[in-house]
Amino acid sequence: MNPMNTSLWWSSLTRAAISVGLGASILLGASAAVGAEGGIAMDSWPVDRGQNAASLQNGARLFASYCIGCHSASLVRWNRLQDIGLNSAQIQQYLISGNQKVGDTIRTGAAPADQKRWFGKTPPDLSVITRARTSFEHAGADYIYTLLRGYYRDASAPNGWNNVAYPNIAMPHVFWQEQGPRETRIESTEARKDAKTGAVQHMQVVTTYQPDGTSSRTETPVTNHGAGGITYTFKPLNVEQSRRFDADAADLVAFLAFITDPTAGKRVTIGVWVLIFLAFFTVIAWRLNAVYWKKVR
Ligand code: HEC
């Protein structure tokens, strides 16, 4: 390689490194922004659902009935769902609609251009969504669990719904009938500066949304304003129905976490076997070592 080529090679390498770095910081910035947007603490997704075949299958069913109308998971083939205990015939019969085959990738029938027109945004591909929404503040699965359960009726929002995890989200509340009506109370602390004196007064702001989306707001001056942040409480009118929906949301997140990392379970199993092998091999190596050196000493 002549020196000219070498320096060209270095400069393109540096450029590549810079663009990778920039890309990474943009990605990190974007996910941090998602976390900061709501300013709320995420609910914990019940992790054990990810190991339960019945939960994963229920999640697959919900995904195929409620999400695929708008979202693809184009890195995943239908036959991947054999890993959660379904056979090809079941996948074809119960999950796939339209003319897709078991060997095809999971795709929505909606055209991105139409979706852009309908929602102002193209719904993201959900293949690796639980990883894509993982940030420094929260696990992606916790965020999506909070998001799916975080809708509330808000008459002032463009589509009549708002979300505590993603304020003013363009995605409608697809499960509104399953979740049932509820009352929402959102509490935050805001600092007000007096224009004349410059004194700062903290106000506790409480907004209450009725099940029909009408809201009322109260502001109370407070001296002890705590750590800030936003808290919310939901009061479902039908507690039993709302609990059933929570269980479905947990199953759906289990399915999304599975497609994000389908081999996670297998890796753990292999890891256990590797450790067992290493333990045995240590004993064998130790005994062999003793035999080999016996005569030498
Ligand atoms: C009617 C179309 C539609 C349906 C059905 C739908 N979504 Fe969405 N979804 C959207 C749109 C539009 C966005 C982009 C929202 C935005 O960024 O404001 C979105 C965004 C998302 C996001 C990303 C949110 C973020 O933090 O950026 C997730 C996760 C998601 N949808 C999950 C689901 C799941 C799970 C289902 C099935 C229960 C579903 N969606 C059904 C339209 C839809």
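**Figure 1. Y166 and the ligand in the predicted model**. A polar side-chain atom of Y166 is placed 2.7 Å from an oxygen atom of the ligand. K121 also faces an oxygen atom of the ligand, with a polar side-chain atom at 3.1 Å. For H71, the partner is a nitrogen atom of the ligand, and the distance from a polar side-chain atom of H71 is 2.8 Å.

**Figure 2. The residues around the ligand**. The ligand is surrounded by 23 residues. The closest are C67, C70, H71, Y143 and M171. Of these, H71 has a polar side-chain atom 2.8 Å from a nitrogen atom of the ligand. C67 also belongs to helix α2, where C67 is one of the residues that meet helix α8.

**Figure 3. Helix α2 against helix α8**. Two packed helices are described by the angle between their axes and the distance between the axes. Helix α2 covers residues 53–67. The angle between α2 and α8 is about 90°, and their axes are 7 Å apart. Angles of 65 to 115 degrees count as roughly perpendicular, so α2 and α8 are roughly perpendicular to each other. On the α2 side, the contact is made by S55, L56, N58, G59, A60, L62, F63 and C67. On the α8 side, these residues meet D248, D251, L252, A254, F255, L256 and F258. By class, the residues of this contact are 10 nonpolar, three polar and two charged.

**Figure 4. Helix α6 against helix α8**. Helix α6 spans residues 140–149, and helix α8 spans residues 239–260. Their axes lie 9 Å apart, at an angle of about 140°. The two helices are therefore oblique to each other. The crossing of α6 and α8 is right-handed. From α6, the residues A141, I144, Y145, L148 and R149 take part in the contact. Their partners in α8 are F245, D246, A249, A250, L252, V253 and L256. The residues of this contact comprise 10 nonpolar, no polar and two charged. L252 and L256 of α8 are among the residues that meet α6, and both are also among those that meet α2.

How values were computed. Residues numbered from 1 in each chain as written. Predicted model: local features only at pLDDT ≥ 70, side-chain atom pairs only at ≥ 80, totals over all residues. Heavy atoms only, no water. Axes fitted to C-alpha atoms, helices over the stretch in contact; angles between N-to-C directions. Helix = DSSP H or I, 4+ residues; strand = E, 2+ residues; numbered from the N terminus. Parallel < 35°, antiparallel > 145°, perpendicular 65-115°, else oblique. Left-handed = near helix turned anticlockwise from the far one by under 90°. Contact = heavy atoms within 4.5 Å. Nonpolar A, V, L, I, M, F, W, Y, C, P; charged D, E, K, R; others polar. Near = heavy atom within 4 Å. Polar contact = N/O pair within 3.5 Å; in protein donor to acceptor, adjacent residues only side chain to side chain.
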